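Here is a short note to help you find your way around this structure. Please keep the viewer open as you read, and take the points in order.

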Amino acid sequence: MCGIVGYLGSRDAFPILIKGLKRLEYRGYDSAGVALISQTNHLNVYKVKGKVSGLEQVTEREDTSGTIGIAHTRWATHGEPSQVNAHPHVSASGQLALIHNGIIENYNVLKEKLEKKGYTFKSSTDTEVLVQLIDYIKESGKLDLLTAVRLALREVIGAYALAILDHNDPDQIIVARKSSPLVIGIGENEFFIASDATPIVEFTDKVVYLEDEDIAILRRGEPLKVVDFSNVELNLEVQTIELNLGQLEKGGYPHFMLKEIVEQPDCIQDCMRGRLHVEDNNVILSAIIDHKEKLIHAKRFIIIACGTSWHAGLIGRQLIENYCRIPVQVEYASEFRYSNPVVGEGDVVIAISQSGETADTLAAVELARNRGAFIYGICNAVGSSIPRSTDTGSYIHVGPEIGVASTKAFTGQVTVLAMLALTLATVKGSISESELKEILEEFQAIPEKMKKALETNDQIASLSKIFTYARNFIYLGRGYNYPVALEGALKLKEISYIHAEGYPAAEMKHGPIALIDTEMPVVVIATQNSLYEKLLSNVQEIKARKGRVIAIVSEGDDTISKIADYCIELPKTVEPLDPLLTTIPLQLMAYHIAVCKGKDVDQPRNLAKSVTVE
Ligand code: G6P
């Protein structure tokens, strides 16, 4: 949440900062701001409520010169979205400008202390408290900025990624991190700072990911230096990023979300590459092989995740229990971490997170690890915090996901979970050769079948026009498609703001059926599988109450398709892999309805892609 960008070098900082903010806008977009030390040595700070494009407009006629600057795009936590609450925040001395991502939990205590010293506050943010604290320590102790930052951070409780510059020292930016990601790009005599590598990739592929409680000193003409709170210099691990620029652009699509939906067949292919060996009747997730004894003998698996990743986890449970016969429970990370959970040695925790930065998931991982569980991460963002704090894991390799509503990450997570279950079942001996052969052959065919599922796009676009003004939606599914129903409802809510509920189809009778009337669209996932007859009964129950049924069925369906009002046909596959296909029309439907309603598909209101606060 919140995007941080910084630049120090010999180029004009402003265009680099603006471009970087736009790349990070998915992290938060309710206000934006920039601080630059100009060629004429002025500290210029510009801030707006709203998006980065607004910041560009207000700075059109302003002095945006300078080769050092920091910039921020905000997702409000303390204080409403407004110009005054936007970052950067400037200290009372007028010399320091600070941007910050995270939450300073003890900001009230610190604020009271500073008020007693005569400090006043313009904004309602915790960030302004932080910059004044650093200012106070610096001015009262006549200290240099680094020492003041080190001392201030010792007093701070909470999470932060921050960057600060001092008007009196136009050759230095200081950055620090705790529980909130920060990456430094190293170019030729220049540095880039960002919340993730996406703004950096077009300038350099050499990066350093800061660790918790690292403080980095970026000084013109000098190599990068990182110290701890006691000023002890730390070793740097310079890594090479593998992102390419094309992955960060819309590539001709009107929205990132559509691009990401459409690229799923290729993403799944990338995810399976080198892991699925149909010719040898084998699937290998190396992390499973490396830790097979621990995993086979696990008492149970606990899957922890949030949002869409939690839905993938529900499918993961069915896959692992079905193929490996190991009990699995699926927990919301935010509930797990505060529930004093019974977890310890012998448990395997699988943490699923696209961004690898979700604060609740990270905290749940830490809790489980401290209690002795073995931690397996399933993430997309390479080098992010969760994979770095796990014992082992598998990346989903679907490339950067920019649209706030998660699409390709979900299918990537389900793909990895299926490969995990099959690898483990193979080493455990709980799957027969013939059953493995059948599912692997189907697995290999999934990207092509996804392409066919994507061919429903035009039909769904027309259908979406009919339902644009629906006020509610119900999504029903059973078995492996029950989590898909939850995910379909979540997608619609997130981007079109239509209220939607996902339910296991049989639960409908226990409440939601009361909502059904001629106004209520009900999406029923009723592909050919072992529960088809049960879903047929559910569809009949809805039709008997005049609900409008949109059925997702298998090609050639001749029963439910006759009763439903609208039908979307998908290729057939084996039941455990069905979610990889049934998800697609639901993603497309949410997308097209949001487009018809004129909503901001990629940056829906109030949401953020990477939820780094709890
Ligand atoms: C946010 C995003 C969702 C995502 C959830 C979990 O709410 O908007 O799309 O599913 O966080 O994020 P993670 O990165 O941990 O998968």
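1. A definition helps to begin with: a cavity is a set of grid points where a 1.4 Å probe fits but cannot get out, whereas a pocket is an open set. With that in mind, the second largest cavity holds about 40 Å³ of space. Please remember throughout that this is a predicted model.

2. Let us stay with that cavity for a moment. V5, G6, I16, F192, I193, A194, P199, I200 and F203 form the lining of the second largest cavity. By class, this lining has eight nonpolar residues, one polar residue and no charged ones. Strands β1 (3–8) and β10 (191–194) each supply at least two of the lining residues, and the largest share, three residues, is from β10.

3. How many cavities of 30 Å³ or more does the structure hold? There are two. The largest cavity has about 80 Å³ of space, and 13 residues line it, with C2, W75, T77, H100 and G102 nearest its centre. Two elements give two or more residues to this lining, namely β6 (96–104) and α4 (126–141). Of these, β6 provides the largest share, with three residues.

4. The lining of the largest cavity is also worth a look by residue class. Four of its residues are nonpolar, seven are polar and two are charged. For the second largest cavity, the charged count is zero and the nonpolar count is eight.

5. Now for the open spaces. The largest pocket encloses about 960 Å³. A total of 43 residues line this pocket, and those nearest its centre are L243, N380, A381, V382 and P400. The elements that contribute two or more residues to the lining are β14 (239–240) and α7 (264–272), and α7 gives the largest share, three residues. By class, the lining splits into 15 nonpolar, 15 polar and 13 charged residues.

6. The second largest pocket has a volume of about 690 Å³. Its lining counts 29 residues, and C306, G307, T308, E494 and V611 are the closest to the centre. Four elements each give two or more residues here: α10, β19 (347–353), α12 (359–370) and α17 (482–496). Helix α10 gives the most, with five residues. The classes in this lining are 13 nonpolar, 12 polar and four charged.

7. Which pocket does the ligand sit in? It is the second largest one. Around the ligand there are 13 residues, and the closest are S309, S353, Q354, S355 and T358. Helix α10 (residues 307–324) supplies the largest share of this shell, three residues. That helix also gives the most to the lining of the pocket.

8. Please zoom in on three serines. A polar side-chain atom of S309 is 2.5 Å from an oxygen atom of the ligand. For S353, an N or O atom of the side chain lies 2.6 Å from a ligand oxygen. S355 likewise has a polar side-chain atom 2.6 Å from an oxygen atom of the ligand. Taken alone, the ligand exposes 390 Å², and the protein buries 90% of that.

9. A last point concerns the make-up of the ligand's surroundings. The shell has four nonpolar, eight polar and one charged residues. The lining of the pocket, by comparison, has 13 nonpolar, 12 polar and four charged residues.

Methods: Residues numbered from 1 in each chain as written. Predicted model: local features only at pLDDT ≥ 70, side-chain atom pairs only at ≥ 80, totals over all residues. Heavy atoms only, no water. Near = heavy atom within 4 Å. Polar contact = N/O pair within 3.5 Å; in protein donor to acceptor, adjacent residues only side chain to side chain. Areas by Shrake-Rupley, 256 points an atom, 1.4 Å probe, with all protein chains shown as cover. 1 Å grid on protein atoms, 1.4 Å probe; cavity = no way out; pocket = protein on both sides within 12 Å on 5 of 7 lines; lining within 4 Å. Sits in = over half its atoms within 2 Å of the grid points. Nonpolar A, V, L, I, M, F, W, Y, C, P; charged D, E, K, R; others polar. Points joined across faces, edges and corners; volume = space filled by probe spheres on them.
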